[in-house]
Amino acid sequence: MVLPRRKANRMQGLNVPDVDFETTWGVLEKAFLEIHTKNASALSFEELYRNAYKIVLKKKGEELYHKVADFEARWLSSEVRTKIVATITPPLQLLTEGNGGRLLSSTAERRTAGENFLRTLKQSWEDHGVCMGMLTDVLMYMVKDRVYCTDHRQPSIFAKAMGLFRDQILRSFDRPNGTMLAECLTKVILDQIQMDRDGEKIDQHLIKANVYMLEGLYQSDQEVEEEKLYLKMFEPYFLETSAAFYREEGERLLKESDAGTYCKEAKRRIDEESDRCRSTISEATTSKIQRVVEDELIRHKMKGLIEMDSGVQYMIDNDKLYELGLVFELEARVDPRKGELTKAIVKIVQDMGLAINRTAEVTSAAPPTAAAQDDAGEEKQKAGAARQINQQTVAALKWVEDVLALKERFDSIWKVAFNSDQTISTALTRSIADVINAFGRSSEYISLFIDENMKKGIRDKTEIEVDATLEQAIMTLRYLQDKDIFETYYKKHLCKRLLLKKSQSIDVEKQMISKMKMELGNSFTLKLEAMFKDMTLSEDLTGGYRAHVTRLGQADAKRVELSINVLTSMTWPLEAFRGAGEDEREGRSNLIFPGSIERIKTGFERFYAEKYSGRKLTWQTNMGDADMKATFPKSRNGRPMTHDINCSTYGMLILLLFNDLRADQPLSLEEIQTKTNIRESDLKRNLQSLAVAPKTRFLVKEPMSREIKAGDKFYYNDNFSSKIIKIKVGVVSAGNKVEGDKERKETEKKNNDSRGFAIEAAVVRIMKQRKDLSHAQLITETLTVLSSQFKPDVNMIKKRIESLIEREYLERIEDAPVPSYKYLA
Amino acid sequence: MDGITSSNSRVGGLFNGLKDLLTSGRHSDLTITCSGESFKVHKVLLDAASPVFSKMLSGPFREAVEVHGIIELHDDLDALQALIAHIYHDNYDDSFAGEGSTMCFAVRVYAIADKYEVTKLQSLAADKLKSLSKKPKDHPEFIAALNLINGCTNPNDSTLDDIVLPQIKKNLTTLLQLDDFKEHVLDNRALNLELLSMLGEKESPKPTIEPPRAQPNQPSTYSLANSTSVNTYPTPVLQIMSGAGEHKPVERKALRVARLVKDTRLERTETLSILQAGATYERWYTDVQGA
């Protein structure tokens, strides 16, 4: 060294003579002891730092590291451990060793002892952290130096010291063959948490501090994130105990309380557990403990909960919407599809729906048995039949209203309690549809419901209410599978409404049609619209004919006016007007019209033939009606009075016969029939209205009885008296009522025929496009094509295919691997 | 920069204001004493500049707890002055070296900056040493600096070694004739090893076998320091070492590997002779390349 002495002097600290490691370490060790006994303020940082620096400079950093570690291990195992072990008093020993610990000591004892233990442990841990912070500061140069020379598997001195706390404290035993302190800690915390769950006050911060310690320590010095002591030594036990606790709690609740209370309790517990994670243990556990509680209180108990006496059925029966909401909320937590609840709801809807269906069947089926046993004369039986039909109509209306009410009820439950959940909505729709389609007469009943509303229901309603009613009808239609059958009924009912002018408002009728168009498509309403078109055309025709007659100049005050409806024959279900058992030919018997009537009849035929050549008119006399003026001499208090009488065409023909007779001249039933050529059954029915019904007794019958029999004589009733000017003669069975069994069979047969055509058409259309196709595919496609109209029976499709093959539209492909067909052009 | 230390410091902004604070000692809340000198300094600046001061002044220890702060440091006074100046001036000022060697001073400043973890000053000092050592006019001064590096800096920190080694290599032949240098290298086995490996590397730009480069900070240095066993080289290697005869590439490789691997157990005298041989070899090798 070529340095002046003076300089060398100033360079103290440089090139220091060899440092004696042991002496220097002695200084440090003494200081560390002071730090641990909280006397740091007496120590000089500079001195300690300098000493550590010197040691490192002399390449003794590694030794220093180990000395420090040894020192800490000694300190922890002697001083700290002793202090902690001292707090494990008998109540805690009982708790940590045996299973009966919770029973053998009082809660208060355990709480105090536990808190004492927790507090000491927390204090030791925090002290350790603070002291190690100070040590690390003093040893900064060593820490820095270790960047150069450590093989990095060795932990930093701070991490090492934390590991020592784990090894020397947590992994030590409270006494030989005793319990590991970490286990004591876990058990004490779990015990305290149990107290908390039982509603006792505990020191949450104290537990949190200890949990914080467990979260800061790792299984090994490598400090792998998944190996935190918290995750290894606490959390699994916590979850396990919690699962056991809630399993029992859930079972107890199911037994002891009602479903509503259970839901509230479960919700409270779940919230409580997440609060606990936040306030007492670690937020990292929140999702796991929730899962545990959900498993125990919900997932495993949902079925039991729903099926309780006070379960979902009860809640629905008693409109317990809030509780239903709770059930929903609970299940939604564990199952996005809400499987159990959905299942339960579907079942309840179906049960209630079945009940509705059964009521309707019972109401409609009960009277005939009663009437069949009653054979006290034809008349009574007939009246019974009429009552039965009426009752059926009522049943039909009730059925639709019940179904609508059912749907509405569940819709509101769905909205309020089930948070408008999509899955449940789908299930509800499906079950309502099931209910509707499980009922054999649904198509007819729905049509009747609309019919009833068109005739009467909408009379006093505002536009909005009417619209709502129509909407309801459409809604039921939406669920209906056999839309073709509905169409048949609707046409029939509509036909009667239009021809008999029963409809309250043609506008509303048209609204309904346009709604159906939107809902079911163009093809569905095509024929219905054609009916309306016929009506409009007929009006024009009637007007045209009147103008034509006026032009001819045959001004005749007595001339009979004609109002006509020309109906396209395929569009209108005219059989609706025929009674049961009458076949078509019989209905078209040629009536004998009196001259005036015959004249305008032929007059109109001529007029029509001029307008539309090549069309054949068939008179549907059974559907006509007539307005007449009739004067009765003693009608108004013995004075003559002229009444406006409205009656059927038949009625008119009968009454006209008496125009040419004196009052005392009778006509027998047979005579009337010969003169008019009205079919006997129709004749009897009309005579009944004219001679039996008290308000329209224009004729007197001899003998006086209800029943019309062969040989009965009829006179003009010159004693007729009524205060009403306009008299309408009721025609028996003109309204739309539920079909009788025979009618129904007929409708079904017709329907099957038309289905057959629809299927054939569909099959041909498909085959024309595809040329050849396997059997299975053809069936599937046919089903798809027809699904908007009805759900065809597969056997029926097969038969139709057979028939098409016979008629050489299709042929079988012989050597195809699967049964297939080929289209023949 | 040096001129503006007037009291009208605001002219020069914050930078000059800080300088002024140091000279005037205004608002000083701490006195640092060292070898009888004292400096009125400001805790905030010390805290900001050095993590060590930061801990010293804010921890629970005496320095932070005592109200009338006087801290006695046991450091190289000249270097400490440079350190304090750096904290206030953000520069490297070797005027504190006085008439002493600037090269040595750079090493001393590096050491103290390392101790107090003032990294910027550390790199400034290293830069200074680098620029000074590139044009050594004075071999004794260089050797003194080498000695200081060996004696007062962290042996695990090779920053300064990396600076001086190329210079040693460059001037190896000259240096080997100086007793001071021999003394130095023989004392510093880590340096020897580094030198040898550098020679080995130079031999072929793309060695077919990459030998583990002996780093001074690898644990092997310990075994070198502790070793007493004598080792003999295989004959061809020794032949090559003495620079005799033609060398096939295979033999050159053998030489390189032998040096690097086995040298960890060299005895003093062997090291020296190898170095000498290496120097000769280096010369020869350069000749061959030139030809």
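How many helices and strands does chain B have? Select chain B: 16 helices and three strands appear. Helices here are DSSP runs of H or I with at least four residues, and strands are E runs of at least two, numbered from the N terminus.

This is a predicted model, in which local features need pLDDT of at least 70, side-chain atom pairs count only at pLDDT 80 or more, and totals for chains, interfaces and linings use all residues. Residues are numbered from 1 along each chain as its sequence is written, chains are lettered from A in the order in which they are written, and side-chain values use heavy atoms, without hydrogens and water.

Stay on chain B. Of its 291 residues, 49% count as buried (under 20% relative accessible area, 1.4 Å probe, protein chains only).

Now go to chain A and select 667–668, 699–702 and 713–716. These are β3, β4 and β5. They form an open sheet in the order β3-β5-β4, with antiparallel pairing. Strands pair if DSSP finds at least two bridges between them. β3 and β4 of chain A are the edges, each pairing on one side only. β4(A) and β5(A) share four bridges. Show A:V700 and its bridge partner in β5(A), A:Y715.

Add helix α30, residues 680–692 of chain A. α30 touches β4 and β5 of chain A (contact: heavy atoms within 4.5 Å).

Last, the interface. Select 34 residues from chain A and 39 residues from chain B: these make the contact. Zoom to A:K144 and B:D114, a salt bridge with the closest N and O atoms 2.7 Å apart. The rule is a side-chain nitrogen of Lys or Arg within 4 Å of a carboxyl oxygen of Asp or Glu. Two salt bridges are found across this interface.

Notes:
Buried means under 20% relative accessible area, exposed over 50%, partly exposed in between (1.4 Å probe, protein chains only). Axes are lines fitted to C-alpha atoms, for helices over the stretch in contact, and angles run from 0 to 180 degrees between N-to-C directions.
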